[in-house]
There are 2 protein chains.
Amino acid sequence: MRQILVIGAGKSTSVLIAYLLEKLEKENLFLTIGDLEIEQAKKLCNNHPRCKAIYLDVSDKDIRESAIKQADIVISMLPARFHLEAAKDCVKFKKSLVTASYVSKEMKALDKEVKENGLVFMNEIGVDPGIDHMSAMRVIDSIRDNGGKMLLFESFTGGLVAPESDNNLWNYKFTWNPRNVVVAGQGGVAEFIQEGKYKYIPYHRLFRRTEFMHIDGYGKFEGYANRNSLDYRSIYGLEDILTLYRGTIRRVGFSRAWNMFVQLGVTDDTYVLQDSKNMSYRDFINSFLPYSPTATVELKFRLNLKIDQDDIMWDKIVELDLFNDEKKIGIENATPAQALQKILSDKWTLAEDDKDMIVMHHKFGYELNGEKKQIESTMVHIGKNQNQTAMAKTVGLPVAIATLSILNGKITTPGVQIPITKEVYEPILKELEVHGIIFTEKETDYLGYNPFGEVGN
Amino acid sequence: MRQILVIGAGKSTSVLIAYLLEKLEKENLFLTIGDLEIEQAKKLCNNHPRCKAIYLDVSDKDIRESAIKQADIVISMLPARFHLEAAKDCVKFKKSLVTASYVSKEMKALDKEVKENGLVFMNEIGVDPGIDHMSAMRVIDSIRDNGGKMLLFESFTGGLVAPESDNNLWNYKFTWNPRNVVVAGQGGVAEFIQEGKYKYIPYHRLFRRTEFMHIDGYGKFEGYANRNSLDYRSIYGLEDILTLYRGTIRRVGFSRAWNMFVQLGVTDDTYVLQDSKNMSYRDFINSFLPYSPTATVELKFRLNLKIDQDDIMWDKIVELDLFNDEKKIGIENATPAQALQKILSDKWTLAEDDKDMIVMHHKFGYELNGEKKQIESTMVHIGKNQNQTAMAKTVGLPVAIATLSILNGKITTPGVQIPITKEVYEPILKELEVHGIIFTEKETDYLGYNPFGEVGN
């Protein structure tokens, strides 16, 4: 019986575990789920005879080593900063490893030893990063195999609320870590390349320099730039590409509204507010507006951000109950971002029967036989319920499939890697299709970069 | 013969040294000027028989110690980060110390030893910090001595070009370190208190939330908020004050124009530009604007920042030659801020016969016998020429005067300190008046905070 060890039994692992449970008999596997909270791990095992839950504190060397020693392959679903010790043990005891996290410098440094031991350390095999790598490389490889030369690559992903659960003016709810949404875009300039020209967007302009896209069957969306687009030149072997842009998808109008918060300064996560615990929502907003002995906070807000009272932007603000003077932030030493997250969570938390949605959209521009062409590749996936979300599914399934592929000798090339080779992405994308995670590719006219964009944004 | 050691003979020390040279005979002093560039130090000595120039590398322990050992008092005019080793030697050899820099944590930590040895370590005794402390505390102390209760304190300082040399549309030239001007306001939120309410201004709004002020004889100015206003509550003993605001003075219109750079993102100093050395000014600006196959950089700039072609803002931009495609940035691995500084230096460097100007303006609101009152205190000082600038004079004179006052036993209270006590500010302000650095105080109606400001800024 082959042994799989999953470290970390957080909410995002539900689909991953469910998939593995179903394969245990047929594949002759035994599954061990290790977590600090053994009850949560037990629940996930669901009394399956081939599954056991163990207490696992990844910082406890003895416990960690003994669990890893007994496994044939290890999946780490912990936050990225906790992978390293487990990874080192995997080298020591010669076990392959699967994670959905970005490859850290320290992880990369294990590459030589991993190769020497013939192990596979597969990282970035969730949804983003993960499915984005695989679905993009499939098209890029096929363009190249046909003799095409890549000119343009744009890639967008978004975790959104499904249309059937979309019932607020922002067309948005928190479907993943709310903190990441509030601080999105901070900590560095958005840098990319367009038609051979480097472009930089500072944070306070990020949500005004969006691009539109149409997704068949779902209407119009917008994307704002991610920080690290240029990294993908070397990752995808696109060193000479003229246009490379990665972004985050939102429903049209979200970014313009979110920009009000950016302009106000309430998304800042770098300092703490005075007496944040006792601040009302109204106090919080007022502390970012000029003092006036007479004007209301509402009036100052509108004047400051130049919003007419019949502008939908204003309705979006009112919907959030921002000016309530009874509701308190209630957090000691909160940053503005933490206070804002508290306010938004009142309104943007998924209800019990709400569904989420993952949207991924790539554009590939290339030249073939002197002709410019473009391919668009799109995937939309809607969650089943609050437990089996689209997010948990699109993260969990590729991790699970990759794990079995390694165990069954379908993925064999050793090293610390990400899923950008045919050996890896072909079988995984094929099985994802069986589970309804399907990319639709279509040829379009070559439109180039940002065809619907405005020069003045 | 008493020995004064000046460490650091930069351009800013011209007036300091000239003042000391004049006093050497009468006060029976000998002056030693130590610098890495001994020629520069020699020039400052000006062949005075009681002055000598020495090579002094402050990081060389032997040289430093031997120079400090021979002195009776030490003046450090080095950048703040180099003071500490000299300060420790001053403790060791029991010498008093004078600097124009902010008190660092490390400097503060020497307080106990400095007191035990009966030494005076006078810091923040330039213009800002320095003359601002002294001129403000004189009024604050007098209000309190009369039984008044402080309600409001606002304080503004600016280093500007003198009206007679003011010949560009920005009404601004670099009169001090240009780098500090380009990155002004970065690295933290501007935080202050107004009528008992904490207020925060993020960097990208800083130059749109200005305040106006009228300076008799010089017209209208504007101020933008400094970052650290709240620190002055404890420094000046104003713990209960309702309004405390410190700012930087510019001519009206500067901030609105500077805001174009902030919005564009070209003041950022946190990352380096790709291939900055070979970038033209035009390339530089274009990299912060959206790509367009047809629109010019000029058009994109105006659209992006919503500037009409007959707006004076546009004339200010054109004046800087920002769209020149031949002039190169010419700096390897430049940050946007460094590139912008290069462009501005072409136009904003003081000409040989240009004069600079220091403007300082305080407002004090207080209550006395149930009545609210306000005092405004203003100092304007214009430089003589490019060598004897107002900046060099207002920094150098207080340092020099404080040094002699300590040497002559007029300032005796030991400890690491700043000039906020009567013992210190009274004699120094009195002598500054002799040199034409004069504050004009006038009572006004109590206007409170930001009486000319707009709620919507």
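## A tour starting at A:Gln186

Select A:Gln186 and A:Tyr203 first: their side chains make a polar contact at 3.2 Å. Keep in mind as you look around that this is a predicted model.

Stay with A:Gln186 and show the backbone on either side. You will find this residue in a loop of chain A, with helix 8 (178–182) before the loop and strand 8 (190–194) after it. Is A:Gln186 buried or exposed? Its relative accessibility is 18%, and because the cut-off for buried is under 20%, A:Gln186 counts as buried.

Next, bring up what surrounds the residue. Leaving aside residues up to four places away in sequence, A:Gln186 touches A:Tyr203, A:Arg227, A:Thr267, A:Asp268 and A:Asp269.

Now colour chain A by domain. The assignment gives domain 1 as 2–122, domain 2 as 131–257 + 352–445, and domain 3 as 268–348. Try placing a marker at the C-alpha centres of domain 1 and domain 3 of chain A: they lie 43 Å apart.

Zoom out to the whole of chain A and switch to cartoon, where 16 helices and 16 strands appear. With a radius of gyration of 24 Å, close to the 23 Å given by the globule rule for 457 residues, chain A is as compact as a globular protein of that length. Along the principal axes, its C-alpha atoms fill a box of roughly 75 × 60 × 40 Å.

Finally, turn on the surface of chain A. The accessible area is about 18600 Å², and carbon and sulfur atoms account for 47% of that. Beneath the surface, buried residues make up 58% of the 457 in the chain.

Conventions: Residues are numbered from 1 along each chain as its sequence is written. Chains are lettered from A and ligands numbered from 1 in the order in which they are written. This is a predicted model: local features need pLDDT of at least 70, side-chain atom pairs count only at pLDDT 80 or more; totals for chains, interfaces and linings use all residues. Side-chain values use heavy atoms; hydrogens and water are left out. Helices (H or I, at least four residues) and strands (E, at least two) are DSSP runs, numbered from the N terminus. Buried means under 20% relative accessible area, exposed over 50%, partly exposed in between (1.4 Å probe, protein chains only). A polar contact is a pair of N or O atoms within 3.5 Å; within protein, one must be able to donate a hydrogen and the other to accept it, and residues adjacent in sequence count only if both atoms are side-chain atoms. Contact means heavy atoms within 4.5 Å. Domain bounds come from an automatic or database domain assignment. The radius of gyration is taken over C-alpha atoms; the globule rule is 2.2 Å times the number of residues to the power 0.38. Accessible areas come from the Shrake-Rupley method with a 1.4 Å probe; for residues, only the protein chains shown count as cover.
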